[in-house]
Amino acid sequence: MKKKLHKTLLALLIVFVPPYFLLFTEEGNRVSDNAVLWLFDREEFRLDLNQASNTFTEDEIKKVYEKIDWKCGAAQSNFGDYACNSLIGAFNELPAERAFLYFAGKQLSAIQIVYRDHYHNALISQLIETIGQPLNALEATRDSVHADPVLQWKVNHGSVILKKTIGEGDQPALLWLGSTQ
């Protein structure tokens with residue numbers, strides 16, 4: 001009798017734990033979102049922000065990210081005169097929607113990643129883990145009234161900028177700006 005009860009409990013665990021994990025936990029949501037995006041042929045854009053550099057060219061980026069379907073052309077923006085963009089499935093393992101690369105001349109000047117707002121806090125945690133505390137983190141805790149509405153990190157060849165919070169109607173986007181040396 002006791003053995004039958006254990007088998008029944010084990011069977012129930014096997015049936016109910018995976019769906020619970022996938023539907024009701026943040027990590028499960030990330031895993032299931034990435035799986036769905038992968039099924040729809042959305043590629044992951046993996047980028048070490050400390051290694052991003054304004055010495056990169058369009059050809060070098062297309063060679064490294066050859067599976068991503070980049071659409072490129074002339075563009076007038078504050079970031080440059082040429083841009084590439086693509087639909088993506090994930091950015092550094094977090095579900096994302098689109099990547100934009102901006103070039104001034106032939107050199108990379110900025111990267112914009114549009115991600116899913118549900119993963120905003122996970123992205124902040126990932127950035128803190130990989131590139132450290134933002135430069136203005138202390139300022140935010142001391143004086144919340146006058147605190148900067150964005151977080152900023154200094155990386156090897158530029159800066160990473162991200163809003164602290166995503167409001168109604170805001171586009172969730174991470175921005176890497178190359179240094180102008």
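Two strands pair if DSSP finds at least two bridges between them. The model used in these exercises is predicted.

**Exercise 1. Place strand 9 among its partners.**
Find the strands that pair with strand 9, and give a facing residue for each.

*Solution.*
- Start with strand 6, residues 107–115. Five bridges join strand 6 to strand 9, and the two run antiparallel.
- Pick a facing pair: Ala110 is opposite Leu177 of strand 9.
- Turn to strand 8, residues 158–163. Strand 8 is also joined to strand 9 by five bridges, again antiparallel.
- Here Val160 is opposite Trp176 of strand 9.
- Check the cover. Strand 9 spans residues 173–178, and five of its six residues are buried.

**Exercise 2. Describe the largest cavity.**
State the volume of the largest cavity, then work out what lines it.

*Solution.*
- Count first. There is one cavity of 30 Å³ or more.
- The largest cavity holds about 40 Å³ of space.
- List the lining: Phe91, Leu94, Pro95, Ala96, Ile113, Tyr115, Arg116, Tyr119 and Leu123.
- Sort by class. Eight lining residues are nonpolar, none is polar and one is charged.
- Assign to elements. Strand 5 (94–104) and strand 6 each give at least two lining residues. Strand 5 has the largest share, with three.

**Exercise 3. Check helix 4.**
Compare the span of helix 4 with the expected value, then list its buried residues.

*Solution.*
- Helix 4 covers residues 120–131, twelve in number.
- From first C-alpha to last, helix 4 reaches 16 Å, close to the 16 Å expected at 1.5 Å a residue.
- The buried residues of helix 4 are His120, Ala122, Leu123, Ile124, Gln126, Leu127 and Ile131. Leu123 also appears in the cavity lining.
- Look just past the end: Gly132 has a positive phi of about 100 degrees.

**Exercise 4. Work through the salt bridges.**
Give the total, then examine Lys62, Lys71 and Asp170 with their partners.

*Solution.*
- The total is six salt bridges.
- Lys62 bridges to Glu58, with the closest N and O atoms 2.8 Å apart. Both lie in helix 3 (residues 58–64), four residues apart, about one turn.
- Residues three or four places apart in an α-helix point the same way, because there are 3.6 residues a turn.
- Glu58 is buried because its relative accessible area, 18%, is under 20%. Lys62, at 32%, is partly exposed.
- Lys71 bridges to Asp69 at 2.6 Å. Lys71 is partly exposed at 48%.
- Asp170 bridges to Lys163 at 3.4 Å. Asp170 is partly exposed at 31%, and Lys163 is partly exposed at 33%.
- Finish with the network: salt bridges link Glu44, Arg46 and Glu93.

How values were computed
Residues numbered from 1 in each chain as written. Predicted model: local features only at pLDDT ≥ 70, side-chain atom pairs only at ≥ 80, totals over all residues. Heavy atoms only, no water. 1 Å grid on protein atoms, 1.4 Å probe; cavity = no way out; pocket = protein on both sides within 12 Å on 5 of 7 lines; lining within 4 Å. Points joined across faces, edges and corners; volume = space filled by probe spheres on them. Nonpolar A, V, L, I, M, F, W, Y, C, P; charged D, E, K, R; others polar. Buried < 20%, exposed > 50% of the residue type's maximum accessible area, 1.4 Å probe, protein only. Expected span 1.5 Å × (residues − 1). Salt bridge = Lys/Arg side-chain N within 4 Å of Asp/Glu carboxyl O.
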